[in-house]
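Work through the exercises below with the structure open. Try each task before reading its solution.

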Amino acid sequence: MTDGSVYLDHAATTPLDRRVLEAMLPYLQGALAGGNPSSLHGPGAAAREAVEEARASVAGLIGASPQEIVFTSGGTEADNLAVLGLAAADPGKKHVAVSAVEHAAVRGAVEHLESRGYEVTRLGVDTDGRVSPEDLADALRPDTALVAVMWANNEVGTVQRVAELAGRCRERGVPFHADAVQAAGRLPVDVSRVPVSTLAISSHKLYGPQGVGALYVRGGVKLAPILFGGGQEGGFRSGTENVAGLVGFGAAARHAMEEMDDRIRHEEGLRETLASGALRLPGVRLNGHRNERLSNNVHLSVDGVEAESLVLFLDAMGYAVGSGSACASSTAGHKASPVLLAMGRGEDEAFNAVRISVGKDTTREEVEGFLGAFSTAVSRLRELSPLYIH
Amino acid sequence: MADRYNPQVIDHLVRPRNVGELENASGTGESGDASCGDVARFTVRIQDNRLEEVRYKVYGCAACIAAGSALSELAGGGSLLDAARVSKSDLEEALGGPLPSGKEHALTLVLDALHKAIEDHWNKQAGEMLVEGYGGLRMGASGEKTVVVATSGGVDSAVTALLMKEAGYDVACVTFRLHDGERGSRSCCSPDTVLFARDTAHRMGLPHFTLNLKELFDRRVMKDFVGSYAEGNTPNPCVSCNAHVKFHAASFLADKLGFEHVATGHYARVVEGPDGAGATMARPVDETKDQTYVLWPVPKELLARTVFPLGDYRKEEVRRIAEDRGLAVAYTPESQDICFIPDGNYRGFVRKKVAAEPGEIVDRGGRAVGRHKGVVDFTVGQRRGIGIAAPTPLYVTEVRPKTGQIVVGKKADLETREVRVGGLNWFLSPETAGSVQIRYNGSPVACEIEHVDGGEVVARLTAPVFGVAPGQSAVFYDGEKVVGGGVVRRNT
């Protein structure tokens, strides 16, 4: 973003919106900076007011009431609070059901429960990456503490039938958590119409600052905290609030709501150009659901080319895209994508996936330039590949 | 440890050198697996021990592509020995320093593919059996200090290579692929004895080669082992390997490289025999590690060029040398287990290869006293597993595969003062034999030799021995010197 390259990895993080930065600046330096929302004095009250205004904006984005929003340090903390907090709130129940394609934040929290003796059902997905509502209903048990299925997948972009999945859980009185980190701001997420119990969102996926997120907790849902201290955020999340960050999150949520229709239209147009252009190359396939997918996500398997080398080759040509899931590829070394494996792809294919994700400010010229670079990079790496038969 | 790639890596990624495949390659090598996420393939053209051309292809991460490219530059266009010496640290240096954490396997992958291509080159020259019956070229009298050392990644062979290097020799290390039971030999993601041996050689700055002897080893050692058991004999596969595989292969490579000597990490000595008798073998300084009992079949013309540097050292000294020189070597348990049966269950191994049919257990008078589940379960001298209650302990005194019978008797029935020995290999005149040893850790027994029909001998012992099994080795000594050896035959 700063080195002049074309940024096509908005699923990993989005650039900070200039308007968001301007909204934040007064809380970082100058008259409004430095107040602790818990303080009784003037600066404290100003900070409290700013945080509550942000809360109202974030609530508005997803159709919630402000008192149902718990601010966190980001999507990962929100997911952990939901999974661990829902389980701890009903300690007699020792079963959890999750989709096999969850983000690492949910997967990791569930594995932690598993290590503490919980039984875990991992719901398989179809070749598009979707969980079947019937499978979910079959997995529910009297001792099921919670179910978690993400709203939209961070890798392949597939959107789940969340309303139906959450509905099955509500019928049986089982709490349902949705990770909506990729979905919020990119498609209508409305908790007044979809009966989720909790829902995680993150600021830096919608042009807000990094390090800020929220968990929606529906009124009446029992949730135990996982951080203890000063009792901020209604006791659900102790710790002094990240005031400037929350102000940015609020501004970003407000812009996302106002501009959502335009953004979706813009991104979907670019997505289709990208997909149809890339699919013209031989041995390239689109992963995820053809239509029920995020507006900005194109996820491709490229025969005979390993993802990391393709990403770095494109980087050297001035295009930043993601390999599989950005979180996994930067820390865990060399691992096949568990999402693609769950979708029934072979291990060899699961190393060959790249994710191109456009944003609200991506231009048609950039996308067309990318398609040229992509074609060059793929053919150069295929010349190198012992696995690709020309 | 860096967590980003150096610019050199990206340069090799975007402008890879020597990409492609050679037509008319002298060797092709591949390492890795698509399901592990990376595959490297190298083709090489070797002429007059020069690696004239290298081409490579890689499917994998940027580190693998860049490492392949850098290796092709370092190894191509020079001597084969220099190519075989290129190490992981040489590659790292060419790539501008350490790779990001978790990417080091790229170096192993491309080196392995190149080395397999060179290995393929040797196989293409000599065929699948590679070195069967290889007797060596006529030796020149150049006296050049050059040696091929057979290494396994263990401490003994590593110190052997080091001692030869320190004695001023040009050393090339070679590791043999003998069977698929080697740890990790089928997988790119697990430790592998060949990879370890290569690393060990490279850390000493020595070139390393591999030879694929699986076909030869299977036919001359493993099948022989199984067949011998099925015939009621008690074989020693280490002896077969020394007779047909290991020394022939090391000599083959030495001749290909124009090298004079071969060396192994065995505990034995090569000494000059009396009156121009040529090279002969002698017991080592460390009597607890003496391996002459399994080395008797080494052909005399190959022994003449062989060096056993460890014969002059005790095992403790060898370990100390390894520690002093900072040699990281594989942990090798002190065991006489057969290398291709790592769990030590010989009978289970044999039973998988041959059908075992039940039969009679008879006493020395021919009277049936019980049943057994297959002759392969028994060996002469065995006491356990007979399954018959008797007032005095019963021993297997004979195995008769033709009739499917096991003969049992008392311990005294195992006593013998005559051992017939065939398949002989002499280093010295048979008349000089003063004693014979019939077990790996046994004591030699004084004997006299009588020549009998078929070029075999009968050793008449001055004291009785118990449980001599056909198929075992009998090795003749004159004091410390090995006179020769052979295989125990049936007395009938």
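**Exercise 1. Charge in chain B**

How many positive and negative side chains does chain B have, and how far apart do the centres of the two sets lie?

Solution. Keep in mind that this is a predicted model.
- Step 1: count the charges. Chain B carries 58 positive side chains and 64 negative ones.
- Step 2: locate the two sets. Their centres lie 5 Å apart.

**Exercise 2. Domains and dimensions of chain B**

Find the domains of chain B, then describe the extent of the chain.

Solution.
- Step 1: read the domain assignment. Domain 1 covers 7-126 and domain 2 covers 146-324. Domain 3 spans 355-409, and domain 4 spans 415-488.
- Step 2: take the C-alpha centres of domain 1 and domain 4 of chain B. They are separated by 51 Å.
- Step 3: fit a box along the principal axes. The C-alpha atoms of chain B fill roughly 85 × 55 × 45 Å.
- Step 4: count secondary structure. Chain B has 14 helices and 21 strands.
- Step 5: judge compactness. The radius of gyration of chain B is 26 Å, and the globule rule gives 23 Å for 492 residues. These values are close, so chain B is as compact as a globular protein of that length.

**Exercise 3. Burial, contacts and surface of chain B**

What share of chain B is buried, and what share of its contacts with a separation of 6 or more joins residues 24 or more positions apart?

Solution.
- Step 1: burial. Of the 492 residues in chain B, 52% are buried.
- Step 2: contacts. Among those with a separation of 6 or more, 67% link residues 24 or more positions apart.
- Step 3: surface. Chain B exposes an accessible surface of about 21,100 Å². Carbon and sulfur atoms account for 47% of that surface.

**Exercise 4. Two domains in chain A**

Which segments form the domains of chain A, and how many residues of each domain are in contact with the other?

Solution.
- Step 1: assign the segments. Domain 1 of chain A is made of 6-13 and 260-384. Domain 2 of chain A is 18-255.
- Step 2: separate the centres. The C-alpha centres of these two domains lie 27 Å apart.
- Step 3: count the contacting residues. Domain 1 of chain A contributes 30 residues, and domain 2 of chain A contributes 31.

**Exercise 5. Two residues in chain A**

Are A:Val159 and A:His255 buried or exposed?

Solution.
- Step 1: place A:Val159. It sits in the loop between β5 (144-148) and α6 (162-172) of chain A.
- Step 2: apply the cut-off. Buried means under 20% relative accessible area. A:Val159 has 11%, so it is buried.
- Step 3: list its contacts beyond four places in sequence. Among them are A:Arg130, A:Trp151, A:Leu187 and A:Glu292.
- Step 4: turn to A:His255. This residue lies in helix α7 (residues 243-279) of chain A. Its relative accessibility is 12%, so A:His255 also counts as buried.
- Step 5: list the contacts of A:His255, again leaving out residues up to four places away. They are A:Arg19, A:Val20 and A:Arg263.

**Exercise 6. Positive phi in chain B**

Where are B:Asn24 and B:Asp48 found?

Solution.
- Step 1: B:Asn24 is in the loop between α1 (7-14) and β1 (27-33) of chain B. Its phi is near 55°, a positive value in a residue other than glycine.
- Step 2: B:Asp48 is in the loop between β2 (38-47) and β3 (50-59) of chain B. Its phi is about 50°, also positive without being a glycine.
- Step 3: check exposure. B:Asn24 is exposed at 72% relative accessible area. B:Asp48 is exposed at 72%.

Methods:
Residues are numbered from 1 along each chain as its sequence is written. Chains are lettered from A and ligands numbered from 1 in the order in which they are written. This is a predicted model: local features need pLDDT of at least 70, side-chain atom pairs count only at pLDDT 80 or more; totals for chains, interfaces and linings use all residues. Side-chain values use heavy atoms; hydrogens and water are left out. Domain bounds come from an automatic or database domain assignment. Helices (H or I, at least four residues) and strands (E, at least two) are DSSP runs, numbered from the N terminus. The radius of gyration is taken over C-alpha atoms; the globule rule is 2.2 Å times the number of residues to the power 0.38. Buried means under 20% relative accessible area, exposed over 50%, partly exposed in between (1.4 Å probe, protein chains only). Contact means heavy atoms within 4.5 Å. Accessible areas come from the Shrake-Rupley method with a 1.4 Å probe; for residues, only the protein chains shown count as cover. Lys and Arg count as positive and Asp and Glu as negative; His and the chain ends are not counted. The place of a charge is taken as NZ of Lys, CZ of Arg, CG of Asp or CD of Glu.
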